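Colleague: Got a minute to go through this one with me? I'd like to start with the backbone and then move on to the sheet.

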Amino acid sequence: MSALRVGVLAYPGCFASEVFGVPDLLTMATHVAGPDGSGYEVSIVSPRRRVAASGGAALDVSPLREVDVLVVPGFELVPGLDVDAKLAPLVPEIAAIRSHAAAGAAVVSICVGAFLLAEAGLLDGRRATTAWLLADELARRCPDADVRPERLVVTDTGVTTTAAFSAMYDFALDLIRRHSGAGVARTTARVTLVDDARSSQTPYVDARFLPRPGNEFSHQVMRRLDQHLAARYDLAALSDTFKVSTRTLLRRFADETGQSPLEYLQSSRVRRARHLLETTNRTVAGISAAVGYKDPGTFAALFAKHTGRRPSDYRAAFRRVD
């Protein structure tokens, strides 16, 4: 099999780690595969002669060229920043993305590089993902995309998007698996200490940083539920507390949050359970009871639904040792 041509699109303000992360893992895969294995021809390309990455690091770049895979790294973006202002100077890069896709190259974004793909029109009608912190913003800017904030990597008809930073390795391992074989991918993961068994970014979500609804009514309901986390869910009693009918409570809460009070309560219980699994030695059964579930099996099923891992697996992966 011939070498796979991979181009990484560098542009002003891109994260240098995301420029070099995929090439570095592909280099390791080439060593693992040996001289008889199929290799990778990697280049850092740009429509510009000079590029400074985030933090001012100067990047050596080559002119745009024909590639099999074009990788678009992310850039510095936090909630509340003006995305349009960030994208406005990147017209040449967006045009290059569109041109490579039209020429038949597979296009891959890392983290918020998905916003460049969206600007190029590549996410319309496709499933996509990005960093969980900014998934809502991507969905708002690109309403024709089916944004899956829980996914680490999403590929849809030649366009791949990934979650934040380290998800570039999930993508790269999949690329190695398809081009060099499962054995090479597995060994590369072991040599580089990269987790090759992840399936979701949900365990990494920290709800404290997610946008909160702005209406006081839903905030009050949320506070009440959080204050009585282990209590049995009683919709009628909750409605009486706020002197509204159950129907009105459900409607107002859904209008403001997009979910039901029970769904919020379940998420809050899982969030608390995650904290206890990470920071204490309490048994899973004890944690289950502490967040309102007498049956550990019911709790474990709910926890896995929200995080993609059983409680014991989650603790093994995320236990904090001081």
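**Backbone, sheet and overall make-up**

Modeller: Sure. T157 is exposed, with a relative accessible area of 60%; exposed means over 50%, buried under 20% and partly exposed in between, using a 1.4 Å probe and protein chains only. This is a predicted model, where local features need pLDDT of at least 70, side-chain atom pairs count only at pLDDT 80 or more, and totals for chains, interfaces and linings use all residues. Residues are numbered from 1 along each chain as its sequence is written, and side-chain values use heavy atoms, leaving out hydrogens and water.

Colleague: What's phi of T157 near?

Modeller: Near 45 degrees, a positive value in a residue other than glycine. Most residues other than glycine have a negative phi.

Colleague: And where does T157 lie?

Modeller: In the loop between strand 10 and strand 11. Strands here are DSSP E runs of at least two residues, helices are H or I runs of at least four, and both are numbered from the N terminus.

Colleague: How many bridges join strand 10 to strand 11?

Modeller: 4, and the two strands run antiparallel, with strand 11 covering residues 159-162. T155 stands opposite T160 in strand 11.

Colleague: Which other residue has a positive phi, K243? What's the value?

Modeller: Phi of K243 is near 55 degrees. K243 is found in the loop between helix 9 (235-241) and helix 10 (246-257), and K243 is exposed, with a relative accessible area of 75%.

Colleague: Back to the sheet. What's the strand order?

Modeller: 5-2-1-6-7-11-10, an open sheet of 7 strands with mixed pairing. The edges are strand 5 (62-63) and strand 10 (153-156), each pairing on one side only. Two strands pair if DSSP finds at least two bridges between them.

Colleague: Do tell, how do strand 1 and strand 2 run, parallel or antiparallel?

Modeller: Parallel, joined by 6 bridges. G7 stands opposite S43 in strand 2.

Colleague: Which strands does helix 1 lie across?

Modeller: Helix 1 (residues 16-33) lies across strand 1 (4-9) and strand 2 (40-46), at about 165 degrees to strand 2. Angles run from 0 to 180 degrees between N-to-C directions, with axes fitted to C-alpha atoms, for helices over the stretch in contact, and contact means heavy atoms within 4.5 Å.

Colleague: How many residues of strand 2 are buried?

Modeller: 5 of its 7, so to speak mostly covered.

Colleague: And the whole protein, how many helices and strands?

Modeller: 14 helices and 11 strands. Of the 322 residues, 44% count as buried.
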